[in-house]
Amino acid sequence: MGFDEMDVDTIWMDGEFVDWDDAQIHVLSHGLHYGSGVFEGVRCYDTEDGPAIFRWDEHLDRFYASGKPYDMDIPFQKEELTEATMELIRRQDLESCYIRPVAFYGYDSLGVSPKGNPVQVAIAAWPWGTYLGDDALENGVDVMVSSWRKHASSQIPTNAKTTGLYVNSLLAGEEARRNGFTEAIVLNKEGNVAEGPGENIFMVNDGDIYTPGLSQSILDGITRNTVIELARERGYTVYDQATISRGELNTADELFFTGTAAEITPIRKVDNVVIGNGTRGPVTEELQQAFFDLVEGRSDDHEEWFTYV
């Protein structure tokens, strides 16, 4: 569904609410030419107690932290962005939605150095359903291991959610889709499993749960951290600094993606090799249930993770 088909009409931009079609930037903006921006993806869920943004504080903390390697000082306080986001949701009468804060170096000069360019900030929110397809949460997705590798943290910071870096994700994802798969898995420069183009990855073997550690050039995913905590609360042993080889993917009992957009999505095939029984596994299903009970307000756990609109 395109934006023109959605009932959204407002964007917050540089301190003001503007009409959706008027949220524009100069064609010579530094961020357009060099990818010098940072962003977040956040979900607001329609809970039994009304719309609530999930783990907003953690996303906002990462938003500001992502700017640090680029000497980007976001010119608004966290409280200002919080109130702007909540008002944006209210103005558009959104009950559940996806929220996209973005900050980038704007227009002044076009040298590679961003010095002297203003930092612009915008926030948009719109309805967005299941990221990897309507039946993906139940039936899983088919993925391929991409020929494109994830860049190393010694090359570009992998713990910063930077706009330009997602060309890596674009290449991997489109390669997969051209070959008939829903999504990709990217390996790091050592050839070990890193993550998906927009997701972290988990493996289940013999009842234990494994996920690549931050040293494997992954983004420190907030849904990843949520699932680790939910799994440990349910008695699972979680190895959250794991090194996973490509071959281990094929022999896993279960695999699943996590991410704000993807939520918890089972993986049923890797390179056409069936994972487990080729269906959503019991551990994945249990964690999915726990996650959706939580974010949709059917659980009283972790109230500290919700910011009510």
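Where is Leu 110 placed? In the loop between β6 (97-105) and β7 (119-126). Before going on: this is a predicted model.

Leu 110 is partly exposed, at a relative accessible area of 32%. It belongs to a nonpolar surface patch of about 660 Å². The other members of that patch are Val 27, Leu 28, Leu 32, Tyr 34, Tyr 107 and Val 112.

Staying with the loop between β6 and β7, Lys 115 is also found there. Lys 115 forms a salt bridge with Asp 71, and the closest N and O atoms are 3.6 Å apart. Asp 71 sits in the loop between α2 (56-67) and α3 (78-91), so the pair links distant parts of the chain, with the two positions 44 residues apart in numbering. Both Lys 115 and Asp 71 are exposed.That brings us to the salt bridges overall. How many salt bridges are there? The count comes to 20. As background, side chains of opposite charge can pair when their charged atoms come close.

One of these salt bridges joins the side chains of Glu 263 and Arg 43, at 3.6 Å from N to O. Glu 263 is in strand β15 and Arg 43 is in strand β4 (residues 42-47), a pair that links distant parts of the chain, 220 residues apart. Are Glu 263 and Arg 43 buried or exposed? Both are buried.

Arg 177 and Glu 183 also meet through their side chains in a salt bridge, at 3.5 Å from N to O. Here Arg 177 counts as partly exposed, at 39% relative accessibility, while Glu 183 is buried, with a relative accessible area of 2%. There is also a network of salt bridges, which links Glu 83, Glu 87, Arg 90 and Arg 91.

Next, the cysteines. How many disulfides does the count come to? Zero. A disulfide is a covalent bond between the sulfur atoms of two cysteines. Take Cys 44: the closest cysteine sulfur is in Cys 97, 4.5 Å away, and that is too far for a bond. The cut-off for a disulfide is a sulfur pair within 2.5 Å. From the side of Cys 97, the closest cysteine sulfur is that of Cys 44. Cys 44 counts as buried at 2% relative accessibility, and Cys 97 is buried with a relative accessible area of 2%.

Now two backbone angles. Most residues other than glycine have a negative phi. Asp 206 has a positive value, with phi near 50 degrees. Asp 206 lies in the loop between β11 (200-205) and β12 (208-212), and at 74% relative accessibility Asp 206 counts as exposed. Asn 272 has a positive phi as well, near 65 degrees. The place of Asn 272 is the loop between β15 (263-270) and β16 (273-274). Asn 272 counts as exposed, at 53% relative accessibility.

The last residue is Ser 299, in the loop between α8 (282-295) and β17 (306-308). Why does Ser 299 count as buried? Because its relative accessible area is 17%, and the cut-off for buried is under 20%. What does the side chain of Ser 299 reach? It reaches the backbone nitrogen of Asp 301, at 3.1 Å. Leaving aside residues up to four places away in sequence, Ser 299 touches Asp 293 and Leu 294.

Notes
Residues numbered from 1 in each chain as written. Predicted model: local features only at pLDDT ≥ 70, side-chain atom pairs only at ≥ 80, totals over all residues. Heavy atoms only, no water. Patch = residues over 30% accessible without salt bridge, like charges linked within 9 Å, V, L, I, M, F, W, Y side chains within 5 Å. Areas by Shrake-Rupley, 256 points an atom, 1.4 Å probe, with all protein chains shown as cover. Salt bridge = Lys/Arg side-chain N within 4 Å of Asp/Glu carboxyl O. Helix = DSSP H or I, 4+ residues; strand = E, 2+ residues; numbered from the N terminus. Buried < 20%, exposed > 50% of the residue type's maximum accessible area, 1.4 Å probe, protein only. Polar contact = N/O pair within 3.5 Å; in protein donor to acceptor, adjacent residues only side chain to side chain. Contact = heavy atoms within 4.5 Å.
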